[in-house]
Amino acid sequence: MSIASPLLAVEGLTKSYGGIHAVRGVSFSLRAGEILALIGPNGAGKSTCFDMLNGQNKPDTGQVRLLGDDITARKPREVWRLGVGRTFQITATFATMTVRENVQVALISHEKQLFNLFGSAPNFDRGEAGRLLELVGMSGYADRPCGELAYGDLKRLELAVALANQPKLLLMDEPTAGMAPRERVDLMRLTAQIAREKSIGVLFTEHDMDVVFEHADRIIVLNRGTLIAEGTPAEVRGNPQVQAVYLGEGLVYDARHREGASA
Amino acid sequence: MAFYVVQFLTGLASAASLFLVASGLSIIFGVTRIVNFAHGAFYMIGAYIAFTLTERLSGAFGFWGSIVLAAIAVALIGVLVEMVLLRRIYHAPELFQLLATFGLTLMVEDLVVLIWGPDDLVGRRAPGFRGAIDFFGQNIPSYDLFLIGLSPVVLGILWLLFQRTRWGVLVRAATQDRDMVAALGVNQKWLFTSVFAVGVFLAALGGALQIPRDAVHHAMDLRIIVEVFVVVVIGGLGSIVGAFVAAVLVSELNAFGILIFPKISIILVFLVMAVVLIVRPWGLFGKPEAPARKTPGLTVNPWRPLTSNERLAALAALVIAATLPLFAGNYLLTVGSEIAIFVIFAVSLHFLMSVGGLASFGHAAYFGLGAYGVAFLAKMAGLPMIVCLLLGPLLGCMGAAVFGFFAVQLSGVYFAMLTLAFAQIVWSIAFQWVSVTGGDNGILGVWPEKWAASPSNFYWLALGVAALVTVALRAMVFSPFGYALRATRDSLLRTEAIGINAKRIQWTAFVIAGTTAGIGGALFAYLKGSVFPDNLGISLSVDALVMVLLGGVETVSGAVIGAIVYKALNIWLVSQTDLSKLVLGGFIMLIVVVFPKGIVGMLEMLAQRRKKASPPGSPLLAKPIESAE
């Protein structure tokens with residue numbers, strides 16, 4: 001790992017839809033093993049920003065660098081091959097397949113066996129799949145179809161899938177949305193632990209401020225597409241600009257949003 | 001020069017009916033999200049009823065009144081169909097909707113023959129537009145000029161209807177967001193019914209207006225529906241302007257294509273469609289759609305490989321099947337061979353549509369290409385049978401590689417329409433390129449060599465190949481590739497996020513399925529001793545769909561059972577009645593509406609119920625697979 005270049009460096013990211021500037025000149029960076037939270041009220045441009053990091057969405061201008069390499073124009077699948085795992089705000093899993101099979105697909109892709117027509121997939125890397133499920137506490141569910149899982153379990157499964165290619169960077173879009181408070185703490189504690197052990201950088205967006213302030217090493221705050229603050233939890237908490245956009249309206253709106261997401 | 005102008009005008013005149021039918025299809029799709037396969041059938045009924053009415057009612061008023069009356073009558077039939085059939089399947093997967101409306105088409109085909117007879121009917125000329133206009137020595141029928149003027153008028157009326165009336169506003173709103181419109185207290189039921197009526201009215205009007213130009217016959221439904229599918233794929237489903245532009249484009253391409261490739265004019269249309277799909281996969285005026293629809297192949301019970309007991313049971317079944325020649329006569333053995341061949345065909349489609357979630361409506365193309373491949377090799381190159389059987393399917397493989405590349409760029413209904421259009425293109429080539437394919441007369445005398453000539457030997461050959469193919473495809477379902485393919489079916493977003501090139505996976509599956517179908521076709525050519533364009537026709541494609549559906553689209557082994565039951569029933573039915581399409585169509589609708597899980601699916605459900613005192617219910621059916629922002 002190069003010392004000179006950070007794990008992730010974002011410079012001047014800009015995206016507009018029609019006349020609306022969703023994201024304007026956002027720059028930040030992320031070190032290996034660091035947990036960075038991206039927060040902001042609804043409509044601040046978090047998701048747009050997020051999608052531009054792994055090629056899900058293309059910025060109008062700006063650059064995304066992974067360990068110094070420009071990955072701005074890459075497709076999501078190419079970004080994944082470079083070591084970027086991602087979970088989605090609304091989980092995306094293979095609903096008709098079992099929990100273990102979900103992980104196995106990721107392992108098959110990681111080991112470039114996608115076009116292996118006659119191997120046995122049920123036995124493919126069973127051990128590694130089991131370890132990953134163990135890691136996120138899903139061992140007991142390995143043979144359950146993933147369409148039957150509770151939402152919180154899907155989120156944990158997504159984490160296991162995202163870890164399958166031994167990523168350098170994890171992008172987690174609202175990892176704890178729709179989870180019970182107890183589960184939230186557990187999942188983020190787990191994520192933090194994995195990140196420190198394996199020196200994985202984690203970028204996550206989150207609405208739950210308890211989660212953010214407890215687990216993030218650093219926080220960046222978006223409002224109306226621009227970065228308005230950056231710093232440690234303590235610094236951000238004390239920032240008057242952040243308090244201005246967050247208190248009152250923003251919080252009320254947040255609570256409502258969460259209800260919708262878990263429905 | 002004058003000749004080209006006339007050719008151009010003829011093209012424009014043909015565009016009129018095409019536009020009417022396509023816009024009707026688009027409007028219905030926009031609101032109800034149903035691609036109405038029966039639209040061609042309504043077009044045809046419109047023409048038949050208009051024919052009858054114009055024969056009865058005299059005078060200019062009688063003629064034009066008949067045209068409008070016919071369209072209204074058909075629209076009323078449409079209302080009935082919507083209330084009785086479609087309301088039951090609005091929430092079913094789109095495959096089921098396409099199949100149910102196709103079943104309706106089949107029934108209508110037999111019904112019109114029953115009512116109006118099998119012969120072509122030549123209608124009266126339109127009063128006031130009987131003659132032709134001289135254009136620098138070339139004749140232009142004045143009725144053509146009337147049609148040319150009519151399309152923009154209809155376009156204008158539709159525009160006014162949608163922009164200026166309350167109903168139109170509701171329709172546009174529902175096209176954008178059905179649920180929101182329902183939440184605002186609009187009576188959805190009647191909105192849907194009225195939209196369907198308007199769409200059907202347009203189709204029937206298109207049919208009725210054809211009678212002064214063309215004879216009315218009972219195959220006009222499929223011809224128009226394929227062209228309409230091409231039009232909406234090019235123009236973009238849901239867009240009326242798109243339907244107009246594409247109808248003109250396709251008609252002109254047809255008009256001038258004849259001059260460039262006289263034998264295979266449809267090639268030109270195909271090339272343009274291919275270009276459009278590469279540049280704008282959702283058509284010139286269409287909008288990309290979020291892939292939030294349910295795909296076929298959803299299952300609550302996870303798939304698993306057979307246990308060793310089940311393997312033994314399957315082997316035992318195969319051994320029992322292999323003893324058939326010991327007691328059965330030649331006719332039964334031939335039937336047995338045909339069933340074995342259709343098992344191959346069905347499992348190949350199953351691989352694509354259940355495992356890959358890609359419901360092809362033109363799978364017969366690759367079956368037929370395999371058959372033609374064998375016929376070419378055996379008749380023209382004179383190669384030995386074993387070589388032909390090995391190489392013939394490669395034609396199916398190549399066809400699948402070319403068409404599959406384009407088809408997998410799309411999904412859902414677009415995929416279904418595109419595969420259907422491709423199959424129809426292959427069919428037209430087989431039909432029109434007489435010097436190579438023999439056209440309608442087919443290629444005869446493709447007989448097996450001595451070692452396979454006796455019915456029992458051929459039966460064993462077919463059974464053996466069918467068993468091999470079934471085992472191989474089943475193994476693939478549980479191979480790393482099979483997992484990846486199922487993954488693309490369940491969530492494109494997720495596959496892309498874990499480094500999988502979904503299109504490549506789907507394309508590979510398409511080629512595998514096409515090649516396998518080609519193997520079936522190769523055997524079929526030898527079984528029948530001949531090859532005809534029908535071997536790659538629409539009805540054969542639908543047979544395959546019904547076999548998979550009947551067996552159980554959500555199961556791994558349903559296709560085998562479905563093929564055996566369906567083919568046996570079909571052969572028996574054809575020997576019993578002349579109205580096999582009527583019965584078959586009704587049968588298809590019945591399966592879709594009351595029996596959507598199929599035979600094996602039902603058995604699995606029963607077994608599941610017995611095993612668990614309290615089944616976990618079926619959360620999957622209520623839950624969208626994928627919903628990403």
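How are α14(B) and α26(B) oriented to each other? In this predicted model, the axes of helix α14 (residues 330–355) and helix α26 (residues 558–576) of chain B come within 8 Å and cross at roughly 135 degrees. Angles over 145 degrees would count as roughly antiparallel, and those from 65 to 115 as roughly perpendicular; α14(B) and α26(B) are therefore oblique to each other. The crossing in which α14(B) passes α26(B) is right-handed. On the α14(B) side, the contact is made by B:Val335, B:Glu338, B:Ile339, B:Phe342, B:Val343, B:Ala346, B:Val347 and B:His350. Their partners on α26(B) are B:Ala559, B:Val560, B:Gly562, B:Ala563, B:Ile564, B:Lys567, B:Ala568 and B:Ile571. Sorted by class, this contact has 12 nonpolar, two polar and two charged residues.

A second helix of chain B, α6 (residues 166–176), shows how buried and exposed residues can be arranged around one axis. Its buried residues are B:Leu170, B:Val171, B:Ala174 and B:Thr175. Seen down the axis of α6(B), these buried residues fall within an arc of 140 degrees, so they line one face of the helix. A general rule helps in picturing this: an α-helix has 3.6 residues a turn, so residues three or four places apart point the same way. On the other side of α6(B), the exposed residues are B:Arg166, B:Val169 and B:Gln176. What do the buried residues of α6(B) pack against? Their neighbours are four helices of chain B, namely α1 (2–32), α5 (142–164), α7 (178–183) and α8 (188–208).

Attention now turns to a single residue in a loop. B:Phe595 lies between α27 (580–594) and α28 (598–611) of chain B. With 15 other C-beta atoms within 10 Å, B:Phe595 is partly exposed, since a buried residue would need 20 or more and an exposed one 12 or fewer. B:Phe595 and B:Leu550 are 45 residues apart in sequence, while their C-alpha atoms are 8.2 Å apart in space.

Finally, chain B also touches chain A: 37 residues of chain B are in contact with 37 residues of chain A. On the chain B side, at least two residues each are supplied by α21 (455–477), α22 (480–490), α23 (492–497), α24 (502–528) and α29 (619–622). Of these, α22(B) gives the largest share, eight residues. By class, the side of chain B that touches chain A divides into 22 nonpolar, eight polar and seven charged residues.

Technical notes:
Residues are numbered from 1 along each chain as its sequence is written. Chains are lettered from A and ligands numbered from 1 in the order in which they are written. This is a predicted model: local features need pLDDT of at least 70, side-chain atom pairs count only at pLDDT 80 or more; totals for chains, interfaces and linings use all residues. The arc is that of the directions from the helix axis to the C-beta atoms. Two residues are in contact if their C-beta atoms, placed from the backbone, lie within 7 Å. Axes are lines fitted to C-alpha atoms, for helices over the stretch in contact, and angles run from 0 to 180 degrees between N-to-C directions. Angles under 35 degrees count as roughly parallel, over 145 as roughly antiparallel, 65 to 115 as roughly perpendicular and the rest as oblique. A crossing is left-handed if the near helix is turned anticlockwise from the far one by less than a right angle, and right-handed if clockwise. Ala, Val, Leu, Ile, Met, Phe, Trp, Tyr, Cys and Pro count as nonpolar, Asp, Glu, Lys and Arg as charged, and the others, Gly among them, as polar.
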